[in-house]
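This report examines one protein chain together with its ligands. The sequence and the coordinates are shown below, and the sections that follow take the main features in turn.

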Amino acid sequence: MARILVTGGAGFIGSNFVHFVLSRTPHTIVVLDKLTYAGNRESLTGLPEERFQLVVGDICDAALVDALVADSDIVVHYAAESHNDNSLHDPSPFVETNLIGTYTMLEAVRKHGKRFHHISTDEVYGDLDLNDPVRFNESTPYNPSSPYSSTKAGSDLLVRAWVRSFDVQATISNCSNNYGPFQHVEKFIPRQITNILAGQRPKLYGTGENVRDWIHADDHSSAVLTILEKGTIGETYLIGANGEKNNKSVIEMILRLMGHDETEYDHVNDRPGHDLRYAIDSTRLHEELGWEPAYTSFEDGLLATIDWYRAHPLWWQRDKAATEARYTELGR
Ligand code: NAD
Ligand code: DAU
């Protein structure tokens with residue numbers, strides 16, 4: 001039984017990890033989260049009080065981080081500024097949280113000799129051509145495109161350097177696009193679902209030919225647990241579930257699953273520097289650690305996600321109007 005410090009545990013993937021771990025293991029979790037616009041206490045309700053605590057604070061606060069790391073066995077680091085569109089508008093919080101924040105976490109785990117797992121993204125590898133048979137693997141060179149992905153790439157490199165130079169006991173995972181409950185309405189899938197629920201039309205950037213490799217957040221969580229249990233210190237593991245789909249087909253599927261005509265969406269301005277395609281080869285995770293995803297049908301997982309947003313209007317309505325106002329300013 002371990003005491004796990006989860007940074008960013010009030011965000012989308014972090015909160016799914018907290019629910020996943022507390023419902024399947026005897027571990028105790030302390031979440032450190034700043035509750036930025038992307039964090040939500042309501043994503044952490046219904047958890048066992050004796051095994052869960054939320055600390056509201058900043059991962060750049062060295063004294064706070066030091067005390068929490070000293071008191072933990074394992075640190076799983078999810079906290080980040082995570083949205084590409086925001087990073088194009090104002091990169092500064094991305095540099096601060098993703099780089100300085102990760103540095104602050106690393107210094108604390110170095111001092112206290114604690115196991116660290118760094119959560120990262122496939123975007124550090126840049127993008128692929130549409131019909132390229134190649135997919136990203138652990139040897140793909142870094143080539144990030146946006147302020148978001150470049151700060152995530154920088155944070156990965158900090159972790160690698162702290163492993164090599166200071167023997168920090170760390171692993172890294174780079175995952176593809178997640179979907180599931182508790183995802184902020186600024187992101188592609190929840191934006192479209194909640195637009196339809198709110199009587200607005202879905203919005204497709206550019207032509208919609210861009211491909212993302214979708215994985216359910218629970219499968220991301222099970223992969224991270226597998227790496228914590230069986231991963232080799234100093235190694236990187238790519239997490240993906242063979243979920244490549246172009247954005248146009250995902251919008252059409254959402255419309256169809258929600259009982260609408262597949263053409264009822266708007267084309268809006270494209271994202272500057274928009275990555276064309278991401279695709280993950282997760283052979284290493286399968287062959288070396290024996291991990292398999294539980295969600296084999298994207299359509300079933302998407303339907304369950306649509307049902308979740310339908311059943312939790314108060315959760316997403318909190319952020320919807322402000323998010324759409326920001327998109328209106330950007331012409332998207
Ligand atoms: P999110 O934006 O939903 O959540 C981020 C959380 O971090 C929020 O709760 C926020 O309050 C918190 N946070 C931000 N700055 C902080 C700070 N300075 N101190 C403490 N807490 C802070 O993000 P997400 O989509 O859940 O992503 C979580 C992690 O997973 C990120 O590291 C991201 O790069 C990575 N990732 C995301 C995806 C995806 O598809 N969303 C895929 C691969 C990897
Ligand atoms: O690949 C992993 C990454 O996936 C994570 O590292 C990021 O944190 C996460 O936000 C996600 O990045 P993307 O930029 O791929 O996700 P987003 O949901 O913003 O957009 C997905 C695709 O949908 C992308 O090609 C842009 C497009 N899009 C997005 C929005 C919000 C639209 O067509 N319409 C939209 O309204």
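Which residue follows helix 6 with a positive phi? Gly199 follows helix 6, and its phi is near 80 degrees. The model under discussion is predicted.

## Helix 6 and its surroundings

Helix 6 spans residues 188-197. Because nine of its 10 residues are buried, helix 6 is largely enclosed by the rest of the structure. The buried positions are Phe188, Ile189, Pro190, Arg191, Gln192, Ile193, Thr194, Asn195 and Ile196.

These buried residues pack against two strands, strand 7 (178-179) and strand 8. They also pack against helix 8 (247-257), helix 10 (298-311) and helix 11 (313-330). Helix 6 takes part in ligand binding geometry as well: both helix 6 and strand 8 (203-205) supply at least two residues each to the shell around ligand 2.

## The environment of ligand 2

The shell around ligand 2 comprises 24 residues, of which Thr121, Asp122, Tyr148, Arg271 and His274 are the closest. Several polar side-chain atoms approach oxygen atoms of the ligand. For Asp122 the separation is 2.5 Å, for Asn177 it is 2.7 Å, and for Arg191, one of the buried residues of helix 6, it is 2.8 Å. Taken alone, ligand 2 has 690 Å² of accessible area, and the protein covers 95% of this.

## The environment of ligand 1

Around ligand 1 there are 28 residues, and the closest are Ile13, Asp33, Ser82, Tyr148 and Lys152. Tyr148 is thus listed among the closest residues for ligand 1 and also for ligand 2. Polar contacts to ligand 1 involve backbone as well as side-chain atoms. A polar backbone atom of Lys34 lies 3.0 Å from a nitrogen atom of ligand 1, and a polar backbone atom of Tyr78 lies 2.9 Å from an oxygen atom of ligand 1. In the case of Lys152, an N or O atom of the side chain is 2.6 Å from an oxygen atom of the ligand. Of the 840 Å² of accessible area that ligand 1 has on its own, the protein covers 96%.

Helix 1, strand 5 (115-121) and helix 5 (147-166) each contribute at least two residues to this shell. Strand 5 gives the most, with three residues.

## Salt bridges

Side chains of opposite charge can pair when their charged atoms come close. In the whole structure, 19 salt bridges are found. One of them joins the side chains of Asp85 and Arg271, with an N to O distance of 2.7 Å. This pair links distant parts of the chain, since its members are 186 residues apart: Asp85 belongs to helix 3 (residues 84-89), and Arg271 to the loop between strand 13 (266-268) and helix 9 (283-289). Asp85 counts as buried because its relative accessibility is 1%, and Arg271 is likewise buried, at 15%. Arg271 is also one of the closest residues to ligand 2.

A second salt bridge connects Lys187 with Glu186, the closest N and O atoms being 2.9 Å apart. Lys187 is buried, with a relative accessible area of 15%, and Glu186 is buried at 2%. A further salt bridge, between Glu288 and Arg284, has its closest N and O atoms 3.2 Å apart. These two residues are four residues apart in helix 9, so about one helical turn separates them. Glu288 is partly exposed, with a relative accessible area of 49%. Elsewhere, Asp85, Arg271 and Arg332 are joined into one network by salt bridges that share partners.

## Nonpolar cores

The largest nonpolar core has 31 residues, and those that touch the most other members are Phe17, Val18, Ile29, Val76 and Ile239. Two or more residues come from each of strand 1 (3-7), helix 1 (12-24), strand 2 (28-33), strand 4 (74-77), helix 7 (217-230), strand 11 (236-239) and helix 9. Beyond its neighbours within four places in sequence, Phe17 is in contact with Val6, Val76, Tyr78, Ser221, Val224, Leu225 and Leu228.

Another core, of 24 residues, lies apart from the largest one. Its members include Tyr179, Phe182, Phe188 and Ile251. Phe188 is also among the buried residues of helix 6.

Note on methods:
Residues numbered from 1 in each chain as written. Chains lettered and ligands numbered in written order. Predicted model: local features only at pLDDT ≥ 70, side-chain atom pairs only at ≥ 80, totals over all residues. Heavy atoms only, no water. Salt bridge = Lys/Arg side-chain N within 4 Å of Asp/Glu carboxyl O. Buried < 20%, exposed > 50% of the residue type's maximum accessible area, 1.4 Å probe, protein only. Core = buried A, V, L, I, M, F, W, Y, C linked by side-chain atoms within 4.5 Å. Contact = heavy atoms within 4.5 Å. Near = heavy atom within 4 Å. Polar contact = N/O pair within 3.5 Å; in protein donor to acceptor, adjacent residues only side chain to side chain. Areas by Shrake-Rupley, 256 points an atom, 1.4 Å probe, with all protein chains shown as cover.
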